[in-house]
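The exercises below are worked on the structure shown here. Try each task before reading its solution.

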Amino acid sequence: MKQTDKGIREIRIDPIVPSNSVLVATARSMRPRKQEDPAPRDTRKHVETCPFCKGNEDKTPPTIASYPDEENWSIRIVENLYPVLGENSTQENLNFGLQQTIEGYGRHEVIIDHASHGIAIHEMSSEHLASIFTSYQDRMQHLYNSDPRLKYVLAFKNFGPAAGASIAHTHSQIIAMPVVPENLFNEVQNSKQYYHKHHRCIFCSLIDEALTYEATIYDRDSGEVRRKIDVGQYVIEKNEHFIAIKPFASRYEWEVHILPLVHQADYLQTSPEYMQSFADLLKNTMARLDQVIGGAQFNYFLHSIPHGEEFEDCTASYHWHLEICPRTSIPNGFELGSGLFVNTVSPEDAAKKLRSVDLSDIL
Ligand SMILES: [Zn+2]
Ligand SMILES: [Zn+2]
Ligand SMILES: [Zn+2]
């Protein structure tokens with residue numbers, strides 16, 4: 001890290017997917033992105049015209065599942081009114097020269113996360129959060145079982161207009177698709193290669209490194225300190241079974257990943273005890289983010305081992321996790337065109353800020 005008065009300016013290579021590099025540039029002059037205005041959060045509990053609020057159940061497509069039951073639901077799952085991928089299976093796959101298409105077959109479901117319209121994740125009880133993530137598990141399992149053509153079931157959440165949420169009522173989504181999304185595929189392939197070389201899961205190695213690494217790198221000529229790596233400098237919080245980490249090469253300023261401490265490839269194998277521990281850590285992490293960046297607009301998505309024969313040999317090398325990506329600015333043309341994202345807050349500083357939030361004041 002070239003740390004001068006002008007801040008850091010260095011390209012960091014993602015350890016898991018090396019093609020995902022990021023330019024960490026913290027000098028004040030580096031403000032290449034338009035800052036996203038924090039959206040005023042809709043904190044109302046009930047909105048008469050909202051299709052996801054109680055009493056308006058007839059305004060959504062039919063219920064797929066409700067928890068704990070249809071009458072007194074606190075989580076409700078419905079078909080998406082505007083599915084990205086559809087159920088009808090009449091279209092053939094088309095191949096013409098270099099133009100190849102795979103039929104847009106899949107399933108798209110909406111999880112209404114909570115009966116209270118504008119509640120934020122960190123305001124929900126951790127028991128409720130565990131129920132939400134258990135409902136993802138149920139639906140993912142169901143969808144994988146329902147059709148072998150479904151290669152990946154992605155659970156994700158958009159919160160706030162900058163994160164692409166079109167309905168203000170808190171909700172998340174599940175899309176079951178006929179292909180494995182590229183970023184997940186790259187993680188699975190690269191971690192498998194790492195495993196073949198080092199006989200270790202790269203995610204487990206990253207966790208160990210975050211928890212134990214300590215080093216000082218000196219300049220060969222001058223003997224000056226070039227970089228100090230402190231114990232746990234990327235750790236935001238850890239509990240009995242999970243850890244929240246600020247990735248060293250994060251594309252987004254406030255990106256945080258949550259991983260199980262013991263090796264586990266498939267999210268669907270998470271036990272109820274682990275799910276509760278995960279929910280506790282998620283609640284705290286979201287409270288920290290809310291405190292530091294205020295009214296966080298974010299996406300989160302679950303990365304778990306894809307099902308199907310071709311991935312059966314990846315259970316030792318892949319490690320499921322939740323990626324939380326708060327949207328504080330909009331990627332610009334340079335970033336989209338080059339694939340080189342610019343992060344203007346050093347991950348070390350971001351982790352430090354998040355770590356230092358005193359949760360006893362807010363939770
Ligand atoms: Zn609502
Ligand atoms: Zn692992
Ligand atoms: Zn991932």
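**Exercise 1: a loop residue**

Task: find which residues Ser 116 is in contact with, leaving aside its neighbours within four places in sequence.

Solution. Apart from those neighbours, Ser 116 is in contact (heavy atoms within 4.5 Å) with Lys 45, His 169 and Thr 170. Next, place the residue: Ser 116 sits in the loop between strand S8 (107-112) and H1, where helices (H or I, at least four residues) and strands (E, at least two) are DSSP runs numbered from the N terminus. Last, take the accessibility: Ser 116 has 15% relative accessibility and therefore counts as buried. Buried means under 20% relative accessible area, exposed over 50% and partly exposed in between, with a 1.4 Å probe and protein chains only.

This is a predicted model, in which local features need pLDDT of at least 70 and side-chain atom pairs count only at pLDDT 80 or more, while totals for chains, interfaces and linings use all residues. Residues are numbered from 1 along each chain as its sequence is written, chains are lettered from A and ligands numbered from 1 in the order in which they are written, and side-chain values use heavy atoms, with hydrogens and water left out.

**Exercise 2: the zinc site**

Task: list the protein donors of the zinc ion (ligand 3).

Solution. Donors are N, O and S atoms within 2.8 Å of the metal (3.2 Å for Na, K and Ca); water is not among the atoms, so sites may look incomplete. The donors here are Glu 187 (OE), Glu 187 (OE), His 303 (ND1), His 321 (NE2) and Glu 323 (OE), at 1.9 to 2.6 Å from the ion. Their spacing along the chain is E-x115-H-x17-H-x1-E. Glu 187 belongs to helix H2 (residues 182-198) and Glu 323 to strand S17 (residues 321-326), so the pair ties together parts 136 residues apart in sequence. Glu 187 and Glu 323 are both buried.

**Exercise 3: H4 and H6**

Task: how are H4 and H6 oriented to each other?

Solution. The axes of H4 and helix H6 (residues 347-355) are 9 Å apart, at an angle of about 105°. Axes are lines fitted to C-alpha atoms, for helices over the stretch in contact, and angles run from 0 to 180 degrees between N-to-C directions. Angles under 35 degrees count as roughly parallel, over 145 as roughly antiparallel, 65 to 115 as roughly perpendicular and the rest as oblique. H4 and H6 are therefore roughly perpendicular. In the contact, Arg 288, Leu 289 and Val 292 of H4 meet Lys 353, Leu 354 and Arg 355 of H6.
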